[in-house]
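Biologist: Hi! I'm new to this one, could you walk me through a piece of it?
Modeller: Happy to, let's bring it up first.

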Amino acid sequence: MPTAINPAKVSRTGTSHTARTPRWSVARPWQTNAALLLIGTALFFLCRHLVSEYDHFTIGFSGVSGWSSILYLAAALLILTQPVDRFTFPIILAVAIACRLAVLFSEPYLSSDIYRYVWDGIVQHAHISPYRYVPGNPALEFLRAPHRDIFDNINRRDYAHTIYPPAAQLLFYLITWISPTVTFMKTAMVLFEGITMYALITLLRYLGIRREQILLYAWCPVILWEIAGSGHLDSAAMAFIALALLARYRRQPILTGLFLAIAILFKFYPLVLFPALYRRGDFKMPATIAAVVAVAYAAYSSVGLLVFGFLGGYAKEEGITTGSRYFLLELAQRIPGLHRLTPTAYLILCAGVFAALTWWCWHIASRQGTDNRQPDTNPGAPPFRSLTAIGWGIRAGRREPHSSTGPISPTGDTAFLAPAFALAATLMFLFSPHYAWYILWLVPFFTLMPNLPILTYLLGFFYLYTTALAEPGPKMFLANKILYAAVFAALLIQLALKRWPLHRTLFVQHTKASELL
């Protein structure tokens, strides 16, 4: 059976494995590497240019984000369709590191959340619970003078208690114990990306997908902006989400529960993954989550209900409780006959959607062990042939023997990945976040299971929310209409390509497999 791997490779004897002369259009690994070097260099200079946009306007943030998205799209197309060799992976890592260094040492401009991180750590070093006082409280006045540059940049400092859960507070304490600076906080968040990439690369190896597909995470511009640029805590949450996925694949329930609990204690939204990661009959994983969460909150329980911080106020301020933030609700209210649809009814509908997804997860959990991965006898074939999430046709990158870093796991199962991806994406689509860092956690899933709708959502969100449309009200509603329409169109294209896979003959040349080098 012919496979779709690099036709330019020859055996150790120097003879080709095919009698046909390769056509000029057949790509070779050195061409992939050269193209990636050019794209990576351009992406690096765009990251540098982003920093200069903080001080003076040239092409604007939308210009930088737009060109970054185009470059990322080109790189993703290359890595998913073209042959690679042993030099490709180092190129990907080198560009990823360079792009992060380009924005790491600048002051955050697009978000000021990181100043609260540092302040919470400073307060704890003064033996005061970060939940007890708002930063502007006179009781903390003695901390302001030595940390004036931090205090002056804290948002909501006069009325909002910290919102961050206990694991986040412990992390802030440890980081500021080493250095109570914004730069070191950003550095720590970038280091967490190393954990995320390790877990994703390991999963790619287990799933029989070449490790070079990590480019989809490492070069993602929204990741570069929001973690290396703004230092968002979502980096730590993503690291433990990725570790939880890895532990779940390895069928380690205690570690799965531990990592998922820590992720929840960084950011609350990973809780939605529980139905997908749960295995029927397994009590260890939920018991571990409950124990870790209970212990974490007990450590800060001296402040009573203040341990939940500004959570209620934030939900009201962002329109989560009033319904003003839900794009699909606002869109439905503009349909004749539905103008009286209430936020309560919308939330009930959302609950029904998640109930259906939970039933799907429960169905998957009832037949664990039936989808064990075995080494693919066709190393050029896509390892995910039938994964589907909310009707998406998901096709992962090709596996090539020379790019694999180890054997496929003989004991893991992949059935939980599509439901987990579906739960994460559904949460984002139904609750329509207003800030780019809330969608970061979709990138690890996209790296494992690339598909056109999520690619459209990530890049569309990233670009639109750097334009003049990123203003609450009619402009943001228009931005969401454009975004959701583009995602729907991408879904239709994805389904069409799955039904009529003509695109595979355009990008993948079917030739005989080459010998391992």
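Modeller: This is a predicted model. A good place to start is Tyr346, which sits in helix H16, residues 343–365.

Biologist: Is Tyr346 buried or exposed?
Modeller: Tyr346 is buried, because its relative accessibility is 3% and the cut-off for buried is under 20%.

Biologist: What does Tyr346 touch, leaving aside its neighbours within four places in sequence?
Modeller: Tyr346 is in contact with Tyr326, Leu328, Leu329 and Leu430. With Leu430 there is also a polar approach: a polar atom of the Tyr346 side chain lies 2.6 Å from the backbone oxygen of Leu430.

Biologist: And how far is Glu330 from Tyr346 in space?
Modeller: Their C-alpha atoms are 10.0 Å apart, with the two positions 16 residues apart in sequence numbering.

Biologist: Back to the helix. Which residues of H16 are buried?
Modeller: They are Tyr346, Cys350, Phe354, Leu357, Cys361, Ile364 and Ala365.

Biologist: Why might buried residues in a helix be spaced like that?
Modeller: In general, an α-helix has 3.6 residues a turn, so residues three or four places apart point the same way.

Biologist: Which helices do the buried residues of H16 pack against?
Modeller: They pack against H12 (274–277), H15 (327–333) and H17 (417–431).

Biologist: What span should H16 have?
Modeller: Its 23 residues should span 33 Å at 1.5 Å a residue, and the end C-alpha atoms are 32 Å apart, so the two agree.

Biologist: New topic: how many disulfides does the structure hold?
Modeller: It holds 0 disulfides. As for individual cysteines, Cys220 is buried at 1% relative accessibility, and Cys361 is buried at 3%.

How values were computed:
Residues are numbered from 1 along each chain as its sequence is written. This is a predicted model: local features need pLDDT of at least 70, side-chain atom pairs count only at pLDDT 80 or more; totals for chains, interfaces and linings use all residues. Side-chain values use heavy atoms; hydrogens and water are left out. A disulfide is a pair of cysteine sulfur atoms within 2.5 Å. Buried means under 20% relative accessible area, exposed over 50%, partly exposed in between (1.4 Å probe, protein chains only). Helices (H or I, at least four residues) and strands (E, at least two) are DSSP runs, numbered from the N terminus. Contact means heavy atoms within 4.5 Å. A polar contact is a pair of N or O atoms within 3.5 Å; within protein, one must be able to donate a hydrogen and the other to accept it, and residues adjacent in sequence count only if both atoms are side-chain atoms. The expected span of a helix is 1.5 Å times one less than its number of residues.
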